[in-house]
Amino acid sequence: MSTLILPAPIAAYFAADRQNAEALARCFTPQAIVKDEGRTHTGRRAIQEWKSATSTQYAYTVEPFALDYAGEFQVVRAHVAGNFPGSPVDLRYRFRLERGLIASLEITA
């Protein structure tokens with residue numbers, strides 16, 4: 001089985017996801033947008049609060065297994081398992097990168 005090689009900003013995102021909300025927020029541009037579970041979070045502070053709330057509510061692991069390109073977006077498919085309703089599930093993480101950071105992220109099923 002081959003190892004999935006992710007672009008550096010995306011690899012940093014998944015590594016920071018295992019650390020803490022502050023580390024994760026640093027992966028984004030100052031005006032970045034995250035869309036998840038029908039909500040939009042704009043800016044590093046809002047992204048940090050989103051991650052903090054999610055980590056408090058759920059324990060989970062994320063295992064990226066595929067990377068596709070769709071125009072200016074890079075779409076990572078990942079297996080997510082944890083103590084949330086519907087676990088486990090495969091999700092799509094749709095990233096747009098800008099100057100070595102994440103400018104937008106949309107997470108969908």
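Q: How many salt bridges does a search of the whole structure find?
A: This is a predicted model: local features need pLDDT of at least 70, side-chain atom pairs count only at pLDDT 80 or more, and totals for chains, interfaces and linings use all residues. Residues are numbered from 1 along each chain as its sequence is written, and side-chain values use heavy atoms, without hydrogens or water. A salt bridge is a side-chain nitrogen of Lys or Arg within 4 Å of a carboxyl oxygen of Asp or Glu. Searching the whole structure for such pairs gives a count of seven.

Q: How far apart are the closest N and O atoms of Arg-26 and Glu-22?
A: Let's start with the acidic partner: Glu-22 is partly exposed, at 46% relative accessible area (buried is under 20%, exposed over 50%, partly exposed in between, with a 1.4 Å probe and protein chains only). Glu-22 forms a salt bridge with Arg-26, and the closest N and O atoms are separated by 3.3 Å.

Q: What separation along helix H3 do Glu-49 and Arg-45 have, in helical turns?
A: The side chains of these two residues meet in a salt bridge, 3.9 Å from N to O. Glu-49 is partly exposed at 49% relative accessibility, whereas Arg-45 is exposed at 66%. Because they are four residues apart in helix H3, their separation is about one helical turn.

Q: Which residue meets the side chain of Asp-68 in a salt bridge?
A: Asp-68 has a relative accessible area of 35% and is partly exposed. Its partner is partly exposed too, at 27% relative accessibility. With an N to O distance of 3.5 Å, the side chain that meets Asp-68 belongs to Arg-77.

Q: Which residues are joined into one network by salt bridges that share partners?
A: Here the linking comes from shared partners in the salt bridges. One member of this network, Arg-96, stands opposite Ser-104 in E6. The network joins Arg-96, Glu-98 and Arg-99.

Q: What is the order of the strands in the open sheet of six strands?
A: Strands (E, at least two residues) and helices (H or I, at least four) are DSSP runs numbered from the N terminus, and two strands pair if DSSP finds at least two bridges between them. The pairing in this sheet is mixed. Strand E2 (39-42) and strand E3 (60-70) pair on one side only, which makes them the edge strands. Read across the open sheet, the order is E2-E1-E6-E5-E4-E3.

Q: By what angle are neighbouring strands of this sheet turned against each other on average?
A: Axes are lines fitted to C-alpha atoms, for helices over the stretch in contact, and angles run from 0 to 180 degrees between N-to-C directions. For the neighbouring strands of this sheet, direction is ignored. The average turn is 20°.

Q: Which residue in E5 is the bridge partner of Val-76?
A: Strand E4 (residues 73-82) and strand E5 (residues 89-98) run antiparallel and are joined by eight bridges. They form a hairpin with six residues between them, and Gly-86 in the turn has a positive phi of about 90°. Across this pairing, the partner of Val-76 is Tyr-93.

Q: Which residue in the turn between E5 and E6 has a positive phi?
A: E5 and E6 run antiparallel, with seven bridges joining them. Their hairpin leaves two residues between the strands. The turn residue with a positive phi, about 50°, is Arg-99.

Q: What angle does the direction of helix H3 make with that of E1?
A: Helix H1 (residues 8-17) lies across strand E1 (28-36), E3, E4, E5 and strand E6 (101-108), at about 130° to E5. Helix H3 (residues 44-57) also packs on the sheet, touching E1, E2, E3 and E6. Between the directions of H3 and E1 the angle is about 45°.

Q: Is His-41 buried or exposed?
A: His-41 sits in strand E2. Beyond its neighbours within four places in sequence, His-41 is in contact (heavy atoms within 4.5 Å) with residues including Ala-32, Val-34, Asp-36 and Trp-50. Its relative accessible area is 12%, so His-41 counts as buried.

Q: How far apart are the C-alpha atoms of Leu-97 and Ala-46?
A: Leu-97 belongs to strand E5 and is partly exposed, at 26% relative accessible area. Leaving out residues up to four places away in sequence, Leu-97 touches Pro-7, Pro-9, Ile-10, Gln-74, Ile-102 and Ala-103. Ala-46 lies 51 residues from Leu-97 along the chain, and their C-alpha atoms are separated by 18 Å.
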